[in-house]
Amino acid sequence: MLNIVIFGAPGSGKGTQSERIVEKYGINHISTGDVLRAEIKNGTELGKTAKGYIDQGQLIPDSLMIDILASVLDSFKDSKGVIFDGFPRTIAQAEALKKMLAERGQTVTLMLDLEVPEDELMKRLILRGQQSGRADDNEETIKKRLVVYHSQTAPLIDWYKQEGLHSHINGLGDLEKITADICTAIDKAVK
Ligand code: AMP
């Protein structure tokens, strides 16, 4: 089983790189942001709850997010592994993921930490907002999301370092080079 956590600030390229990893390694992809956006689009109760948080640039409460993740994980059959994109975003979620995988006789193989400077993140997200119309990709909400990232999510870097699973990736520059660096890190971790 290849279980990869792809980690980074909003706009660091997690989604783009996840698609490439899925294609190369044939694993499943969980993007918690995509799961929530689908719920909003379908007008479900969960979607209504999630929208309130997302529009404010805040995180969905851990207990709710952990339940959602468990049910998506259970929906995969004959999986070769999973890339977790946008989860965990808090220490509580990281601990829950560790436990959830342990219950299934699995572990996280590695955590890819995509690092991109703040001014570049801002530029990318504003551009994405113009192109895709994602409601939370506006300057005010982006700033809030970056504050949330630094206070609640960035501590996971040290947490995964302590677990011996952290792998730093330079997320700035040529897309192909970033993918190649990621594949090198994955191949090293599974050796
Ligand atoms: P993303 O598409 O990963 O940038 O996520 C968009 C928004 O969905 C975030 O700003 C949060 O409001 C919410 N969200 C996504 N994943 C999580 C998570 N693991 N925990 C809490 N909230 C999340």
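Which polar backbone atom lies 2.6 Å from an oxygen atom of the ligand? In this predicted model, the atom in question belongs to Gln58, whose backbone approaches that ligand oxygen. The ligand taken alone exposes 480 Å², and 96% of that area is buried by the protein. The space that the ligand takes is the largest pocket, and this pocket holds about 1,100 Å³ of space.

**Ligand shell**

- The ligand is surrounded by 16 residues, among which Thr32, Arg37, Gln58, Gly86 and Gln93 come nearest.
- Sorted by class, the shell around the ligand consists of six nonpolar, five polar and five charged residues.
- Helix α2, which spans residues 32–41, supplies four residues and thereby the largest share of this shell.

**Polar atoms at the ligand**

- Thr32, one of the residues that come nearest to the ligand, places a polar side-chain atom 2.8 Å from a nitrogen atom of the ligand.
- Gln58, also listed among the nearest residues, has a polar backbone atom at 2.6 Å from an oxygen atom of the ligand.
- Arg134 has a polar side-chain atom that lies 3.3 Å from an oxygen atom of the ligand, and Arg134 is also among the residues that lie nearest the centre of the largest pocket.

**Largest pocket**

- The lining of the largest pocket is made up of 50 residues, and those nearest its centre are Gly11, Lys14, Arg128, Arg134 and Arg145.
- Two or more lining residues come from each of the strands β1 (2–8) and β2 (28–31), and likewise from each of the helices α1 (14–25), α2, α6 (118–132), α7 (139–153) and α9 (175–190).
- Among these elements, α6 gives the most to the lining, with six residues, whereas the largest share of the shell around the ligand comes from α2.
- By class, the lining of the largest pocket contains 19 nonpolar, 20 polar and 11 charged residues.

**Backbone geometry in the loops**

- The peptide bond that runs from Phe87 to Pro88 is cis, its omega being near 0°, and Pro88 is placed in the loop between β3 (81–85) and α5 (91–103).
- Asp78 has a positive phi of about 50° even though it is not a glycine, and Asp78 is found in the loop that lies between α4 (62–75) and β3.

Notes. Residues are numbered from 1 along each chain as its sequence is written. This is a predicted model: local features need pLDDT of at least 70, side-chain atom pairs count only at pLDDT 80 or more; totals for chains, interfaces and linings use all residues. Side-chain values use heavy atoms; hydrogens and water are left out. A residue is near a molecule or strand if one of its heavy atoms lies within 4 Å of it. A polar contact is a pair of N or O atoms within 3.5 Å; within protein, one must be able to donate a hydrogen and the other to accept it, and residues adjacent in sequence count only if both atoms are side-chain atoms. Accessible areas come from the Shrake-Rupley method with a 1.4 Å probe; for residues, only the protein chains shown count as cover. On a 1 Å grid over the protein atoms alone, a cavity is a set of points where a 1.4 Å probe fits but cannot get out, and a pocket is an open set with protein on both sides within 12 Å along at least five of seven lines; lining residues have an atom within 4 Å of a point. A molecule sits in a cavity or pocket if more than half of its atoms lie within 2 Å of its grid points. Ala, Val, Leu, Ile, Met, Phe, Trp, Tyr, Cys and Pro count as nonpolar, Asp, Glu, Lys and Arg as charged, and the others, Gly among them, as polar. Grid points are joined across faces, edges and corners, and a volume is the space filled by probe spheres set on the points.
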